[in-house]
Amino acid sequence: MHRLRPALLAACVLMTAACSSIQPWVKPYERDRLADPIMAWDRDAISSAYLDHIRESREGSRGASGSAGGGCGCN
Amino acid sequence: MSSESARRILGRLAVLTALLLVRATCADVLPDDRADLFYSKYSGGGMDITGESVLVRKKFTENFAVEGSYFIDKVSGASIDVLSQASQIKDERKQKTLTVEYLHDKTSYTASFVNSDERDYRSSTTSVSLKQDMFGDLTTLSLAFANTTDVVGENNGTAFVPNVAWLGHAQSRSYDVDVSQIVTKNFIAGVNFNVITDQGDLANPYRSVRYLDPQNPKGYSLGSQVYPDTRTSTAVQIEGKYYLPYRAALTASYRYFHDTWSIVGNTYELDYTHPISNIWILEGRLRYYKQNHADFYSDLFAYADEYRFEARDQDLAAQDNYMIGAKVTYAFLPDGWKMFKRATATFDVSRITFHYLDFRDIKYFGVPQYLPGDEPLYQFNATVYQIYMSMFF
């Protein structure tokens, strides 16, 4: 049980911090550049999913890069 | 599970629960309604695949949105494996997706169902995800789970007179944790961690192993692949996106992959996005991928049934590939038209060069100058075109 205490303590600290509201170091009015559409992680999800499906049908690796859709791409 | 592991997991859950309980200071909004029309064409390795898709996303209230898409792939031609042992193929894949999203304060909940149907392969995926903005909206945490059930078949007939034998089932479960962090007013970073477990019939029935056979005039014979019936993979991707001083964006990412079949893959990507006067967005990207082979893969086994598990699927071979891509997006209807607020049209082209390091091009079989195992290594180029129009309303 003693191994669990640090984690519970950290959880309590985080919960307390949440109540007092964390001050962001990048203020909302400083985020105009980040809100630009060119800064979106994925501007075109349908296109990204298609390219991921092509790659996953031909490579051994998979995952951690978005949704690749179903099917086997066997042929 | 040992009590030690249970405690460790409980500890992590406690921290995670606390993270999710962080209160929000103001509410988020769902993205705009949109409709997309999509066309794609893939040519490479003896195959031509055209794809058409339509996607519609609609908010019914400020907190609730539904998204549906329909995708159809038409395949003609045949890969190197099919050319070396069977007739050409003609097939199509239909994929339907339905997603619902609910937003409550800083948390969005998503449930999705995907169904993919081919003549010889059926796949259904159900997924749920949760996304939470926290720490003054500097951090976004996403958790996702997906369960996929596949029915695996093999067409023993021809392209025009199919005769499909259903071979078995496969099940896959995917677990995702994704954190996106605003680092400075010009820089955001992300980490994505993913684990996938599979079990069932995991071998591709259209691939065969080959083994030395002095009785065969070609010097080798083909046999069935035998795969382990389980696989677990882990992938971690880190990425960063930087806003350049003259309004452009540079993105870099790296992904490390490892699985219980001893495949290790490394992926590097670089993307540059450059808008011109709010009308055009130009994008260029480079990608490099490299992997070693699975521990039960061989291009040529010494004799039939040499090992318990045997594969000669090019996906499991040692390989690397390079991709170079370009995309141009044109924004029109800036003042809107009828129900539409704005619209974009996009053309995207990618060129991929695949090199296999221990997978040989045996479509030369029977040619006297190549002894088994001396054939040239297989490589091919593929070109991918995408054209799509997005309308926002």
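In what sense do β2(B) and β3(B) pair, and over how many bridges? The two strands pair in the antiparallel sense over 13 bridges. Two strands count as paired if DSSP finds at least two bridges between them. Helices (H or I, at least four residues) and strands (E, at least two) are DSSP runs, numbered from the N terminus.

The model is predicted: local features need pLDDT of at least 70, side-chain atom pairs count only at pLDDT 80 or more, and totals for chains, interfaces and linings use all residues. Residues are numbered from 1 along each chain as its sequence is written, chains are lettered from A and ligands numbered from 1 in the order in which they are written, and side-chain values use heavy atoms, with hydrogens and water left out.

β2(B) and β3(B) form a hairpin with 4 residues between them. Within this pair, B:I49 has B:V75 of β3(B) as its bridge partner. β2(B) also pairs with β1(B), in the antiparallel sense over 11 bridges. There, B:A35 is bridged to B:V56 of β2(B). The hairpin of β1(B) and β2(B) has 2 residues between the strands, and B:G45 in the turn has a positive phi of about 60 degrees.

In a regular strand the side chains alternate between the two faces of the sheet. β2(B) shows such alternation. B:M47, B:I49, B:G51, B:S53, B:L55, B:R57 and B:K59 point to one face and are buried. B:D48, B:T50, B:E52, B:V54, B:V56 and B:K58 point to the other face and are not buried. Buried means under 20% relative accessible area, exposed over 50%, and partly exposed in between (1.4 Å probe, protein chains only).

The largest nonpolar core has 33 residues. Such a core is a set of buried Ala, Val, Leu, Ile, Met, Phe, Trp, Tyr and Cys residues joined through side-chain atoms within 4.5 Å. B:Y42 and B:L316 have the most contacts inside the largest core. α2 (45-56) of chain A supplies at least two of its residues, as does each of several chain B strands, including β1 (34-44), β2 (47-59) and β3 (64-77). β18(B) gives the most to this core, with 5 residues. Apart from the largest core lies another, of 10 residues, among them A:V26, A:L34, B:L138 and B:I281.

A further run of pairing involves β5(B), β6(B) and β7(B). β5 (residues 107-118) and β6 (residues 121-134) of chain B pair in the antiparallel sense over 12 bridges. B:S112 stands opposite B:S127 in β6(B). A hairpin through 2 residues joins these strands. β6(B) and β7(B) pair in the antiparallel sense over 14 bridges. B:M134 has B:T139 of β7(B) as its bridge partner. Their hairpin has 4 residues between the strands, and B:F135 in this hairpin takes a positive phi near 50 degrees.

B:Q237 is in strand β12 (residues 230-244) of chain B. This glutamine counts as buried because its relative accessibility is 8%. Leaving aside neighbours within four places in sequence, B:Q237 is in contact (heavy atoms within 4.5 Å) with A:A64, A:S65, B:G190, B:V191, B:N192, B:S253, B:Y254 and B:R255. The C-alpha atoms of B:Q237 and B:R351 are separated by 23 Å, and the two residues are 114 residues apart along the chain.
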